[in-house]
Amino acid sequence: MGVRDFRELIKNIVYPKDYRCVFCKWPLEKEYLCAICRDRLVEVNGEKHIKIENETLKINYIFLYSGYAVELIQKLKYKGDFRVGEIFAEYICNFIRSNNLDYIDYITYIPMHKKDERKRRYNQCRVISKYVSENCSIEMIDTLIKKMRTKDQIGLSKNQRFRNLQDVFKVKNDINIKDKSILVVDDVCTTGSTLYYCKKELQGLGVKEIILLTVCAR
């Protein structure tokens with residue numbers, strides 16, 4: 001168990017989970033979305049195909065980046081509401097099961113630069129992946145490092161986003177995932193640049209299959 005996971009465990013012991021709807025605050029039993037608010041969260045389970053350089057990137061996504069899904073992303077990303085990570089993990093696990101992806105060997109996630117993660121105190125993609133790992137019994141591993149800080153992608157054009165992430169990611173030195181199937185989890189996909197470069201780095205390790213999955217797609 002890593003330091004971050006240990007801290008999360010201690011937090012859950014000291015501060016019991018708050019089983020209320022994250023939107024309307026209605027008291028619930030062992031879940032964080034009431035039936036009414038869940039109905040307003042429109043599940044799409046779609047595919048986004050993006051042509052980057054000479055490759056067409058296939059990106060699976062659970063929700064469109066709109067409405068309640070945006071509110072959930074913001075609650076997790078900017079307010080540290082880890083209950084949202086569990087909600088997203090539930091939908092991702094349903095996606096894994098319904099698409100017969102139980103054979104996946106590992107789950108990994110999009111990294112943050114260490115300074116940015118230190119400032120936020122967590123990586124929302126890692127939070128989601130941790131809960132997916134626990135709920136689907138698939139091992140989560142840290143595979144990638146973001147070696148340089150980048151400009152915020154918001155407001156950049158497609159070409160600027162693509163250049164902004166070039167040579168930013170690298171694989172960890174001690175990773176061996178040759179001939180393995182791996183699921184890469186991201187929170188929001190716009191142009192696909194982040195997932196493209198992360199996939200490119202992982203392909204250099206001789207993996208058998210890389211499945212890209214994002215919670216929301218614009």
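The legends below describe an overview and four close-up views of a predicted model.

Local features are reported at pLDDT of at least 70 and side-chain atom pairs only at pLDDT 80 or more, while totals for chains, interfaces and linings use all residues. Residues are numbered from 1 along each chain as its sequence is written, and side-chain values use heavy atoms, with hydrogens and water left out.

**Figure 1. Overview of the protein chain.** The chain has eight helices and eight strands; these are DSSP runs numbered from the N terminus, helices being H or I of at least four residues and strands E of at least two. Of its 218 residues, 49% are buried (buried is under 20% relative accessible area, exposed over 50%, partly exposed in between; 1.4 Å probe, protein chains only). The exposed area is about 12000 Å², with 47% supplied by carbon and sulfur atoms (Shrake-Rupley method, 1.4 Å probe; for residues, only the protein chains shown count as cover). Among contacts (heavy atoms within 4.5 Å) with a separation of 6 or more, 70% join residues 24 or more positions apart.

**Figure 2. Helix α3 and its packing partners.** Helix α3 covers residues 67-79, and its end C-alpha atoms are 17 Å apart, in agreement with the 18 Å expected for 13 residues (1.5 Å times one less than the number of residues). Its buried residues are Ala69, Val70, Leu72, Ile73, Lys75 and Leu76. They pack against helices α4 (82-98) and α6 (124-136) and strands β2 (55-64), β7 (181-189) and β8 (209-217). Gly80, just after α3, has a positive phi of about 65°.

**Figure 3. Phe82 in helix α4.** Phe82 lies in α4 and is buried, at a relative accessible area of 16%. The C-alpha atoms of Phe82 and Val127 are 7.2 Å apart, although 45 residues separate the two in sequence.

**Figure 4. Surroundings of Thr143.** Thr143 sits in the loop between β4 (139-140) and β5 (144-146). Its relative accessible area is 0%, so Thr143 counts as buried. The side chains of Thr143 and Thr108 make a polar contact at 2.7 Å (N or O atoms within 3.5 Å; within protein, one must be able to donate a hydrogen and the other to accept it, and residues adjacent in sequence count only if both atoms are side-chain atoms). Leaving out residues up to four places away in sequence, Thr143 also touches residues including Lys170, Ile175, Ile182 and Leu202.

**Figure 5. Val42 in its loop.** Val42 belongs to the loop between α2 (35-40) and β1 (46-52). Val42 is exposed, because its relative accessibility is 56%.
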